[in-house]
Amino acid sequence: MRLEISEKEVEDIIFEKQLLEQHDIKCVFRQKNLGVAGIADLIGWDRKNKAWVIIEIKKGTIDAKAYAQAKRYQRSLTGYMKKRVLAQGRNFIKFEQHKPYIILIGDSMSDELRFLKSLNDDDGYRTSDLDYYTVFKVEPRLNIHWSSTSQLEYNEKFHEEMEDNFEKLEAAAFIREAREEIENGKENDDEAV
């Protein structure tokens, strides 16, 4: 039986557990509408580099289509921020140094995107001149909790039997080792004679 996990569930895990914190990135927005560019999965804030991060998540392989989608989001967010900086009369040169960059997340990467820099291999100083990727493996687990009395009793009995069997196997292994030592000792005694 194979359990599938959806892209939304991966997004939930990354956002709720703040899995990018190890890279100084705090996920701030989910499903952020960027107008005609579309809806970004996540937008984060890179504390160290003082830049916004467009985070695009793919359930499977990160491919050129996902990259193009993220670049569209990046252009849209950059354009919006540029207008705000100019309208407010803030330092445009400083803005250019801290433009949004992209992180693509998936369970594997297509060969056509091998030019992207791995988020895990960088030195922590990221710029909009480079785009990044990281591979996350999400392995769902199935936990079954028994609540019926008969099932609990069966489980206890089963565990007791397994412990007994284990002890018997340990005893048998000990006896086998002792016999081998005795036989090896006799062979050594015969050779000495």
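# Exercises on helix H1 and the strands beside it

At 16% relative accessibility, Asp12 counts as buried. The exercises below take this residue as their starting point, and they concern a predicted model.

**Exercise 1. Locate Asp12 and decide which residues of its helix are buried and what they pack against.**

Step 1. Asp12 belongs to helix H1, which covers residues 7-16. Its relative accessible area of 16% has to be set against the cut-off for buried residues, which is under 20%, and therefore Asp12 is classed as buried.

Step 2. The buried residues of H1 are Val10, Glu11, Asp12, Ile14 and Phe15. The partners against which the buried residues of this helix pack are the strands E1, E2, E3 and E5, the last of these being residues 101-106.

Step 3. When residues up to four places away in sequence are set aside, Asp12 touches Lys17 and Arg30. Just after H1, Gln18 adopts a positive phi of about 50°.

**Exercise 2. Work out which salt bridges involve Lys8 and Glu11, and state how accessible each partner is.**

Step 1. Lys8 pairs with Asp12 in a salt bridge whose closest N and O atoms are 3.1 Å apart. Both residues lie in helix H1 with a spacing of four residues, about one turn of the helix. Lys8 is exposed, at a relative accessible area of 53%, whereas Asp12 is buried at 16%.

Step 2. Glu11 and Arg30 meet through their side chains in a salt bridge with an N to O distance of 3.7 Å. Because Glu11 is in helix H1 and Arg30 is in strand E1, this pair ties together parts that are 19 residues apart in sequence. Glu11 counts as buried at 5% relative accessibility, while Arg30 is partly exposed at 29%.

Step 3. For a further case, take Asp111 and Arg114, which form a salt bridge with the closest N and O atoms 3.7 Å apart. Asp111 is exposed, with a relative accessible area of 65%, and Arg114 is partly exposed at 48%. Elsewhere, salt bridges with shared partners join Lys8, Glu11, Asp12, Glu16 and Arg30 into one network. The count for the model comes to seven salt bridges.

**Exercise 3. Describe how strand E2 is paired with E1 and with E3, and how each connection turns.**

Step 1. Strand E1, residues 25-33, pairs with E2 in the antiparallel sense over seven bridges, and Cys27 stands opposite Gly44 of E2. The two strands form a hairpin with five residues between them, and Gly35 in that turn has a positive phi of about 70°.

Step 2. E2 also pairs with strand E3, residues 51-57, again in the antiparallel sense and over five bridges, with Asp46 opposite Ala51 of E3. This hairpin has four residues between its strands, and Lys50 in the turn takes a positive phi of about 50°.

Step 3. Strand E2, which spans residues 39-46, is mostly covered, since six of its eight residues are buried.

**Exercise 4. Is Leu34, in the loop between E1 and E2, buried or exposed, and which residues does it contact?**

Step 1. Leu34 sits in the loop that joins E1 and E2. With a relative accessible area of 12%, Leu34 is buried.

Step 2. Neighbours within four places in sequence being left aside, Leu34 is in contact with Ala40, Ile43, Tyr73 and Ser76.

Step 3. Leu34 and Arg72 are 38 residues apart along the chain, and their C-alpha atoms are separated by 9.5 Å.

Note on methods
Residues numbered from 1 in each chain as written. Predicted model: local features only at pLDDT ≥ 70, side-chain atom pairs only at ≥ 80, totals over all residues. Heavy atoms only, no water. Buried < 20%, exposed > 50% of the residue type's maximum accessible area, 1.4 Å probe, protein only. Pairing = 2+ DSSP bridges. Contact = heavy atoms within 4.5 Å. Salt bridge = Lys/Arg side-chain N within 4 Å of Asp/Glu carboxyl O.
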